[in-house]
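Dear colleague,

I am passing on the structure below, together with notes on what was found in it. Please read the notes with the coordinates open beside them.

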Amino acid sequence: MKSLLRGATAGTVATALMSALMLGARRLGITGQLPPEKITSKMLRSHGIRPDAGQQDAIATGLHFAFGAAAGAAFGVVARRVPVPSVPLGVAYGAAIW
């Protein structure tokens with residue numbers, strides 16, 4: 001249980017850092033609509049849901065952090081069984097998800 005919670009916490013922190021990088025890239029004009037926004041928009045529209053921009057941003061943010069926490073929790077459980085230091089393994093895992 002401890003590794004699950006530590007993983008979820010690490011996943012949430014990693015999601016926050018990645019979100020900051022993505023928002024910075026958008027502000028610099030490097031990227032357009034961000035992947036969490038695209039995925040959320042597609043998912044909502046496929047279910048006939050058309051929220052306003054603020055609602056969609058809030059949903060995308062919540063889903064993005066929920067995914068990060070869940071992915072981190074899964075990593076926390078699996079990583080302790082892999083004979084590689086957890087930080088490099090976590091970086092590789094996060095890069096693979098991205």
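H1 provides the largest share of the lining of the largest pocket, namely 11 residues, and I should say at once that this is a predicted model, so please read what follows with that in mind. Lining residues also come from other elements, since helix H1 (2–27), H2, helix H3 (53–79) and helix H4 (86–97) each supply at least two of them. The space in this largest pocket comes to about 1100 Å³, and its lining consists of 35 residues, among which Gly11, Ala14, Gly68, Gly94 and Ile97 lie nearest the centre. Sorted by class, the lining of the largest pocket holds 20 nonpolar, 12 polar and three charged residues.

The second largest pocket has a volume of about 200 Å³, and the elements that give two or more residues to its lining are H1, H2 and H3. Here H3 gives the most, with five residues. The residues that line this second largest pocket are Ser19, Met22, Leu23, Arg26, Leu34, Pro36, Glu37, Asp57, Ala60, Thr61, His64 and Phe65, and by class they divide into six nonpolar, three polar and three charged.

Histidine 64, which is part of the lining just described, also appears in a spacing that you may wish to look at in the viewer: proline 35 and histidine 64 are 29 residues apart in sequence, while their C-alpha atoms are 9.4 Å apart in space. Proline 35 itself belongs to helix H2, which covers residues 35–46. Is proline 35 buried, partly exposed or exposed? With a relative accessibility of 41%, proline 35 counts as partly exposed, because this value falls between the 20% limit for buried residues and the 50% limit for exposed ones.

Turning to the surface, Met1, Leu4 and Leu5 form a nonpolar patch, and together these three residues have about 330 Å² of accessible area. Of the patch members, methionine 1 is placed in the segment before H1, and methionine 1 counts as exposed because its relative accessibility is 71%, where the class requires over 50%.

With kind regards

Notes. Residues numbered from 1 in each chain as written. Predicted model: local features only at pLDDT ≥ 70, side-chain atom pairs only at ≥ 80, totals over all residues. Heavy atoms only, no water. Helix = DSSP H or I, 4+ residues; strand = E, 2+ residues; numbered from the N terminus. Buried < 20%, exposed > 50% of the residue type's maximum accessible area, 1.4 Å probe, protein only. 1 Å grid on protein atoms, 1.4 Å probe; cavity = no way out; pocket = protein on both sides within 12 Å on 5 of 7 lines; lining within 4 Å. Points joined across faces, edges and corners; volume = space filled by probe spheres on them. Nonpolar A, V, L, I, M, F, W, Y, C, P; charged D, E, K, R; others polar. Patch = residues over 30% accessible without salt bridge, like charges linked within 9 Å, V, L, I, M, F, W, Y side chains within 5 Å. Areas by Shrake-Rupley, 256 points an atom, 1.4 Å probe, with all protein chains shown as cover. Salt bridge = Lys/Arg side-chain N within 4 Å of Asp/Glu carboxyl O.
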